[in-house]
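Please read the following explanation with the sequence and the three-dimensional view side by side, pausing at each named residue to find it for yourself.

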Amino acid sequence: MTVQDIRSFNRFYTNVIGALDYGRRLYAPYTLTESRVLYELAHAPRTDAADLRTQLHLDAGYLTRILNKFEEDGLVERGPSETDPRRRRITLTAPGREAAALLDERARETVGAMLDTVRAEDRPRLAQAMRTVRTILGDGRAPRPEDVVLREPAPGDLGWIVQRNAALYAAEYGFDADYEGLVARIVADYAEDHDPHLERTWIAELDGRPVGCVMCVRDDAPGAARLRLLLVEPDARGLRIGDRLVGALVDFAREAGYREVVLWTNDILGAARRIYQRHGFVLVAEKPHHSFGRDLTGQDWRLDLYATPE
C-alpha cells in the first residue's frame, strides 16, 4: 500500500458521505465540523471547550469561532465548570437540542439511503471491512471513555434492552424468565406511550454498537421520575459508562422540572449501587423478597434534586 492508495480512498469516501458539501446534503446551515461539534454536545451533557478540542482534535481558535457562532444563534450557553473554575462548561439550549436532533435524523436518513444500495449479503463484509480499518489505524488501542457516545434509541434498540437485560442477569445473577417478562413490560409501556418532554431513554454506543442503557420514566408519586434498567455490557465496563448514563438522566430530570428521582434495585447489584451513591442517591428502604428465581433484598433509593450538596 502507498500514500497515494490512502489518499485515493479518502477522496472516494469523502465524496460518498458528502463531506465537501455536508450542509447542503443535509439541508442544514452547518458544515461537517460544526455538525460534529453539535453532535458531541448533544451526547455529552457535561462538556467544556478543552474536552471538545481533545475529542475532535480541533484548533482552539477554530473551535472558539464555532462556539461563538452557536452562541450568537442561541444554540449553546456557556457557564463556569462544576469541576474546574478555569474552564467554561458548554451546554445546548432547547433550540440547540432541536437542531442537533434534526441533524442526527437527517444523517441517519442519508446513511440509511446509502445502506439501502448495499445488497444484504454484502453488508456483513462491509461491516467487517470497516472494523478492520478502525482496528488497524487505531493501532489496536483499548477503548477510552471519550470513545463512548450517549444517544437516543434507534429502531431495534428497545428490543436490545430487553434481550441484553435478560441474558446478562441470567448469566451474572441466575435470574429466570420472570425478569425478562418484567423488562419487556417496562419497555413495551415506554414504547407505546411516553412523553418525550418528561421521559427519555439513553443508549451508550461504542464502536457502532450499543453497550449500555438507562430509562427515565414518570413515577406514580407526583413530581418524581423513576430510573429504570441501567445496564452496561461486561466488555465495556471501566469506561465510566454507568456514571455518564446516570448523570445524563439526573440532568434531564432536573431540567424537566422533577423534584426527585427514585429507583428500585437489589442488594446484589453492588456496582450499580456505588454509582447511585456517587450521584447522591440515598437508601430509604429495603425488604427481602423472592423474585426471578432468587431470594433477594430489594432496595428503594431516592435522590432529592433540590437538596443542597454537602
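In this predicted model, a good place to begin is the pair R144 and D147, which form a salt bridge whose closest N and O atoms are 3.7 Å apart. A salt bridge is counted when such a nitrogen and a carboxyl oxygen lie within 4 Å, so the 3.7 Å between R144 and D147 qualifies. R144 counts as partly exposed, at 34% relative accessibility, and D147 is likewise described as partly exposed, with a relative accessible area of 22%. Elsewhere, salt bridges that share partners bring R119, E121, D122 and R125 together in one network.

Side chains of opposite charge can pair when their charged atoms come close. A search of the whole structure finds 22 salt bridges, and one of them joins the side chains of E34 and K69, with 3.2 Å from N to O. This pair links distant parts of the chain, for E34 lies in helix α3 (residues 32-43) and K69 in helix α5 (residues 60-72), 35 residues apart. Are E34 and K69 buried or exposed? E34 has 10% relative accessibility and counts as buried, because buried means under 20%, whereas K69, with a relative accessible area of 28%, is partly exposed. Another salt bridge brings together the side chains of E71 and R78, at 2.9 Å from N to O. Here E71 counts as partly exposed at 36% relative accessibility, and R78 counts as partly exposed at 25%.

From the charged side chains we can turn to the strands. An open sheet is formed by 3 strands in the order β1-β3-β2, and the pairing in it is antiparallel. Its edge strands are β1 (47-48) and β2 (76-80), each of which pairs on one side only. Strand β1 is joined to strand β3 (residues 88-92) by 2 bridges, and these two strands run antiparallel. To find this pairing in the view, look for D48, which stands opposite R89 in β3.

Further along the chain, strand β6 (residues 209-218) pairs with β7 in the antiparallel sense over 6 bridges, and R218 stands opposite A225 in β7. The two strands β6 and β7 form a hairpin with 5 residues between them, and in the turn G223 has a positive phi of about 75 degrees. On the pairing of β7 with strand β8 (residues 260-266), 3 bridges join the two, which run parallel, and in β8 the bridge partner of A224 is E260. Between these parallel strands the chain crosses from β7 through helix α10 (residues 241-255) to β8, and this β-α-β crossover is right-handed. In a regular strand the side chains alternate between the two faces of the sheet. Why can strand β7 (residues 224-232) be called largely enclosed by the rest of the structure? The reason is that 8 of its 9 residues are buried.

The nonpolar interior can now be described. The largest nonpolar core has 52 residues, and those with the most contacts inside it are W202, L227, I241, V261 and F281. Helix α10 contributes the largest share of this core, namely 8 residues. If residues up to four places away in sequence are not counted, the residues that W202 touches include L150, R151, G212, C213, V214 and C216, and also among them are L245, A248, L249 and F252. A second, separate core has 19 residues, including Y30, L63, L92 and L103.

Two of the residues that W202 touches, C213 and C216, lead to a last point. How many disulfides does the structure hold? The number is 0, and C213 is in no disulfide, since the nearest cysteine sulfur, that of C216, is 14 Å away. Seen from the other side, the sulfur of C216 has its closest cysteine sulfur in C213, and at 14 Å that is too far for a bond, because a disulfide requires the two sulfur atoms to be within 2.5 Å. C213 is buried, with a relative accessible area of 0%, and C216 is buried too, with a relative accessible area of 0%.

Conventions
Residues are numbered from 1 along each chain as its sequence is written. This is a predicted model: local features need pLDDT of at least 70, side-chain atom pairs count only at pLDDT 80 or more; totals for chains, interfaces and linings use all residues. Side-chain values use heavy atoms; hydrogens and water are left out. Buried means under 20% relative accessible area, exposed over 50%, partly exposed in between (1.4 Å probe, protein chains only). Helices (H or I, at least four residues) and strands (E, at least two) are DSSP runs, numbered from the N terminus. Two strands pair if DSSP finds at least two bridges between them. A crossover is right-handed if, with the strands pointing away from the viewer, the path from the first strand over the helix to the second runs clockwise. A nonpolar core is a set of buried Ala, Val, Leu, Ile, Met, Phe, Trp, Tyr and Cys residues joined through side-chain atoms within 4.5 Å. Contact means heavy atoms within 4.5 Å.
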